[in-house]
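Visitor: Before we discuss this model, please put the sequence and the coordinates side by side. I would then like a close look at a single part, set against the chain that holds it.

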Amino acid sequence: MQAYLLSLLLIIPLAGALVTLAMPSTFRQFRTIALVASLLQLIILLLVFTHYSTQQNGLQLIELKPWITLDMGAWGILKANYFLAVDGLSLPLVALSVIVVLIAVISSWKIEKSPKGYFALLLILNAAVIGTFCAQDFLLFYLFFEFMLLPMFFLIGIWGGLKREYASIKFFLYTLLGSIFILIVMIALYLSTQSIGDGQLIVHSFSLVDMQDVNNIISNSILDPQRNVSILGMSARTWAFILLFIGFGIKLPMIPLHTWLPDAHVEAPTPISVLLAALLLKIGGYGLLRITYPIFPDIALELSWLVALFGVVSIIYGGLAAMASKDLKRLIAYSSVSHMGFVLLGVASVTPEGSAGAIYQMVSHGIISAMLFLLVGVLYDRTHDRMIGNYSGLSSKMPMYFTFTLIAFFASLGLPGLSGFMAELMVFLGAFKSGSTNHLLHESFAIVATFGLVLGAIYYLWTLQRMFFGKFYVKPGISNDLADVDLREKIMLIPLLIITIMLGIFPQLLLDYINPFADAFSTSILESGKIVKALFQP
């Protein structure tokens, strides 16, 4: 069974989706099917952790089977494998996915509009996200990456708010543009990468492991450093890095490729906002760490300052936009843009601390943002209004809700003792260290980024003061019969709260898995980048 644990994580939700689609629309237990599938995934996840060793670096629980082998004649042989595995980068994100999807299913319990289609799409999205984090073959990764697009498009476009069509189409077009850029590079990498040779016969490979080994680059290919093909004044390898950076940057999202996110969050139903913020944004950071930097380490070293610059701009701009937001959901959406900027800064530092901080930030933000959007949904379910200025003194009417919100806000702004603090601390340590060790980033990047913490404190504390303190007030026309959180909502929020506190007090619980990858990642990028750069020398 150990050899198929990762496949089971994919098969279970897909089987649940097939069962859901096979049932007549009059069947009323679609949510139960989704819940059972998510609980089974949680059991499989526990088995994955029991078979994963934190003492071993590199890919584990490997599932490698031939998938596509096609003789292309003079072009060689096309080879793609069903290649799944996890390591210190992907395992924490897989765990995050399983937990958040389970919470999202519980949050979807009151969905009444076309529940059959809703839960079928939710289960397909579940499998696609986990498949993206597990795939070690670029073609397989890309297919899972694309499979996420349609379920999310329909979940926003059918079950969203008043402007759901606009938001879903904007999300679709942005993501599709990023997918096209990634597809272009994937094809170029396939044509430039070989796995094994048989005389004059070249076997092209989609394996990410093969692509990360410079020895597998085919001589005189477009991405061969020694050939140094120039396109519009820049090398083909530089263009490939930039296209991947834009493609994954859209998903992250980074400034200025972020405008689809606030609209999608505002119009999406609460469970879909939870999945969007907690999981789909992380695929952008994951793509940089898994694909962009390891395959093009030479360009990564040259352009890390640019990646850091976009990160810092995202941190500051996202914070300023959140300060100007009057809609609570939009405020949290822009705070996500700001927090994802820390991921870019950590990745750009190419230090063990920065790389570990970037991964820690993705996991921490996934938990905290899920909690924040659930809390917005709790209030919206009662009043159908999200405007910050329409409320005051809610702490007296909803003390339990206030407690959850207080902790979530403090975790997001980086209060010590909660998970957000440790993530941002490691990113800052990595960014400062980069200036004195590998000399990729100037210390000013980290200094400017600290203002993002100040902005976060401003907009979160202002929101707390406006909505929860003072005399109780609800704008006329909004229901003021505000019941506190019920049992179902506590079941959703308490696990996320516990994880946030545990990761803040005992960060080693997560760092034991992250650190081996972060150490190997930073060492590999620095060493491989120098080797590849040397190939350019005459």
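Visitor: Among contacts in the chain between residues at least 6 apart in sequence, what percentage joins residues at least 24 apart? With that settled, please take me to Leu 301 in helix 13.

Guide: The figure is 79%, counted among the contacts between residues at least 6 apart in sequence, where contact means heavy atoms within 4.5 Å. This is a predicted model, in which local features need pLDDT of at least 70 and side-chain atom pairs count only at pLDDT 80 or more, while totals for chains, interfaces and linings use all residues. Residues are numbered from 1 along each chain as its sequence is written, and side-chain values use heavy atoms, with hydrogens and water left out.

The setting comes before the close view. The chain's secondary structure amounts to 22 helices and eight strands, these being DSSP runs numbered from the N terminus (helices H or I, at least four residues; strands E, at least two). Its radius of gyration is 23 Å, close to the 24 Å that the globule rule gives for 538 residues, so the chain is as compact as a globular protein of that length; the radius is taken over C-alpha atoms, and the rule is 2.2 Å times the number of residues to the power 0.38. Along the principal axes, the C-alpha trace spans about 80 × 60 × 45 Å. Of the 538 residues, 60% count as buried, which means under 20% relative accessible area, with exposed being over 50% and partly exposed in between (1.4 Å probe, protein chains only).

Leu 301 lies in helix 13, which runs over residues 297-323, and because its relative accessibility is 12% it counts as buried. Leaving aside neighbours within four places in sequence, Leu 301 is in contact with Leu 440, Ile 525, Leu 526, Gly 529, Lys 530 and Lys 533. A further reference point is Ala 348, 47 residues away along the chain, whose C-alpha atom is separated from that of Leu 301 by 8.4 Å.

Ala 348 belongs to the numbering of helix 14 (328-349), and the loop between this helix and helix 15 (352-383) holds Val 350. The phi angle of Val 350 is near 50 degrees, a positive value in a residue other than glycine, and at 1% relative accessibility this valine counts as buried.

One of the contacts of Leu 301 is Leu 440, and the numbering there leads to His 439, in the loop between helix 18 (419-436) and helix 19 (443-449). His 439 also has a positive phi, of about 60 degrees, although it is not a glycine; at 60% relative accessibility, however, His 439 counts as exposed.

Two peptide bonds elsewhere in the chain deserve a look as well. The bond from Leu 252 to Pro 253 is cis, with omega near -10 degrees, and a cis peptide bond also joins Ile 255 and Pro 256, where omega is about 5 degrees. Pro 253 is placed in the loop between helix 9 (236-251) and helix 10 (260-267), and Pro 256 is likewise in the loop between helix 9 and helix 10.
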